[in-house]
Amino acid sequence: MSLFRVSSEFRPQGDQEQAIAKLTKSLLAGNHHQTLLGVTGSGKTFTVANVIAALGKPTLVMSHNKTLAAQLYSELKSFFPDNAVEYFVSYFDYYQPEAYIPRTDTYIEKDSSINDEIERLRLSTMSSLLMRQDVIVVASVSCIYGLGSPDDYKGMMIPVRVGQTLDRDEFLKNLVGILYERNDIEFIRGRFRVRGDVVEVYPAYLDEEAIRVEFFGDEIDRVTAFSPLTGTAKSQLDEFTFYPAKQFVTPKEKMAVAIREIRKELKERIEFFEKNQQYLEAQRIKQRTEYDIEMMQEMGFCQGIENYSRHLTSRPPGSKPGTLIDFFPEGFLTVIDESHVSIPQIGGMYEGDRSRKQTLVDFGFRLPSALDNRPLKFDEYMAATGQRLYVSATPARFEIENSVAGNIGYIPHKRKRIGEEELVPARLPRISGSKQPVSSFDPGKKGVDLIVEQIIRPTGLIDPVITLRPLKGQIDETIELCRQRVEKDERILITTLTKRTAEDLTDYLRNVGLKVRYIHSDVDAIERVEILRSLRAAEFDILIGINLLREGLDLPEVSLVCILDADKEGFLRSETALIQTVGRAARHINGEAVLFADVVTDSIQSLLSITEYRRRVQTEHNEKHGIIPHTVTRSDQGSLRIYQKGKAVEDALVAEAGSDVDTLAVIRELEGEMQEAAAKLEFERAALIRDQINKLKKEAGETPLTVKKKKVKY
């Protein structure tokens, strides 16, 4: 019997039931690759939840960014209230990696602001995976980065039980050994305090619950869970296990061996630099490494300790680092959300990380072993994850071909000219010489059972109508189409090919009396969120963008998408890009997409074919079951105007702090608000408040939470 149980007032509808059955059958048959080709609004997360419950295996759900991961975490937590649904993303509110720019002789220190709540959630994830079998972890790609060894982590656990013989001082020593700090005044996560024979510990991975261990001589008399705020007892426990307070923990004996190996590598590196007359680099690496060694000897930890992970875990050079994936038991399931984006992102992590660190190594800022503190290579990731379920409305060639191929290994796509693995999205392939795309195949055909379609929306909404219009006069046509939609109080998205075109078109439309804004990668991330929310709130009617108007955008008010220069075949006008962009109008009953093109490219033809097929299937389903399509409705989020209010608050606080108000007190108050926002996973709000704090600190002459750049002097 499965340990997972879905709790929901809904039952599978449309083609969710057949998708759940086919995916479950494929996974139980041992297939390594299967794809859920689910259109926007078809309830893919609900389907995945039911597959997890039917399979009954620990599951890793990967997303390509924090915001979507938080959304998935919230949804899955509501579906599985009785199971351990954990959240594992990068625990930095702000992170600037260590780097060196030789051309300008500029060294950039590692600078970060750790989110305590996310660190707690990460530690909770690790402990849950060691304690339980009914675990679902929603993670970003940070889960493929190096982490402490699960064996070391598990080996340093401290179990206690009532009646156990244990010396109190030995218990305190063990707590310090797993990186808990003693503080009898400030009692926060990761600390403990002592009051005679009573030891109170606030585990780093628990939320608003601490553990009180009472001794009677050398025997544990009582173990109690209590509120760290009020001290009120919550429950009596027979036993409890304390896990390490940090992610990188190393037993004392292994630390001593690691330090010897680090010193040996340091000696070799100094000799290398001196032999090549690189005396400055030799001095740099000597100072940096000796300081880190001293910190590890005294504190058991140092800034950037992850750079010594190969020595701390006794791994040979070049070997695979330990990651969160190693904490999972054998036979777990991996679900890759928006796989057409996530897979390429996973594939590109290793080279980007190595390029930055290689410069640090070459110029004496890090030992060569720092290169082994890295994300997994793509082959390593594929070997470690076993069974995978790819989820996307537009699966790429990688997912499709591997799912069709079957259950052994995976197919690395080769570039014809240079022979490198191609992990980028490509056009959906044709199978068995058919003229139809994969998404329109009969599921009964051989091999396609591993590609399961879910294209029927419970709301009855049909894919947008697609209209082709000539390039000549596309701007005037767009203006007229926009005016028609604005009169109906509906919103419009327009996509261009360049940032300059987006900005210029915005100015032009504004001059003819339309309320319009643009969005692209140069726009601040916080402002992007506010722009999208302002569109929904009808503060303006038209949004012009390039490549940001795709995955993850939930804009039910948008009824029209205009794609300018649609026949300029390439990344921005590929089949994947066109399908995703057109899908932004799929939540409105009057959804329509207008493509301006003189030539029907292969991508446009595929879009037309797929859309026609999906519209036919949905229409037949609606007629058969008497479903009347209706526009998706979404409540206006409470944080809709956070950016505007935040700016007003910021200006008021800065002005006030500039007079006779205690600036430091204001900063402390804002820091509290930032932590509260981060604890609620409101990352945009937390980042905005961080910017307010930085502005105040700059006014006060303090160092803001930003990149630290300095010339290197020795």
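This report looks at the internal cavities of a predicted model and at one of its helices, H6.

**Cavities**

Let's start inside the protein. Counting those of 30 Å³ or more, the model holds six cavities. The largest of them has a volume of about 120 Å³. Its lining is made up of 16 residues, and those nearest the centre are Arg457, Asp463, Ile579, Gly583 and Arg614. By character, the lining of this largest cavity splits into eight nonpolar, four polar and four charged residues.

Two helices, H16 and H17, each bring at least two residues to that lining. Of the contributors, H17 gives the most, with four residues.

**Helix H6**

Now to H6, which spans residues 168–177 and has Phe171, Leu172 and Leu175 as its buried residues. Viewed down the helix axis, these buried residues lie within an arc of 100°, so they line one face of H6. As a general point, an α-helix has 3.6 residues a turn, so residues three or four places apart point the same way.

What packs over the buried residues of H6? The cover includes the strands in this table.

| Strand | Residues |
|---|---|
| S9 | 158–161 |
| S10 | 181–182 |
| S11 | 191–195 |
| S12 | 198–202 |
| S13 | 210–216 |
| S16 | 239–242 |

The ends of the helix are worth a look too. At the N-terminal end, Asp167 caps H6, with a side-chain oxygen 3.2 Å from the backbone nitrogen of Asp169. After the helix comes Leu179, which has a positive phi, near 70°.

Methods:
Residues are numbered from 1 along each chain as its sequence is written. This is a predicted model: local features need pLDDT of at least 70, side-chain atom pairs count only at pLDDT 80 or more; totals for chains, interfaces and linings use all residues. Side-chain values use heavy atoms; hydrogens and water are left out. On a 1 Å grid over the protein atoms alone, a cavity is a set of points where a 1.4 Å probe fits but cannot get out, and a pocket is an open set with protein on both sides within 12 Å along at least five of seven lines; lining residues have an atom within 4 Å of a point. Grid points are joined across faces, edges and corners, and a volume is the space filled by probe spheres set on the points. Ala, Val, Leu, Ile, Met, Phe, Trp, Tyr, Cys and Pro count as nonpolar, Asp, Glu, Lys and Arg as charged, and the others, Gly among them, as polar. Buried means under 20% relative accessible area, exposed over 50%, partly exposed in between (1.4 Å probe, protein chains only). The arc is that of the directions from the helix axis to the C-beta atoms. Contact means heavy atoms within 4.5 Å. A polar contact is a pair of N or O atoms within 3.5 Å; within protein, one must be able to donate a hydrogen and the other to accept it, and residues adjacent in sequence count only if both atoms are side-chain atoms.
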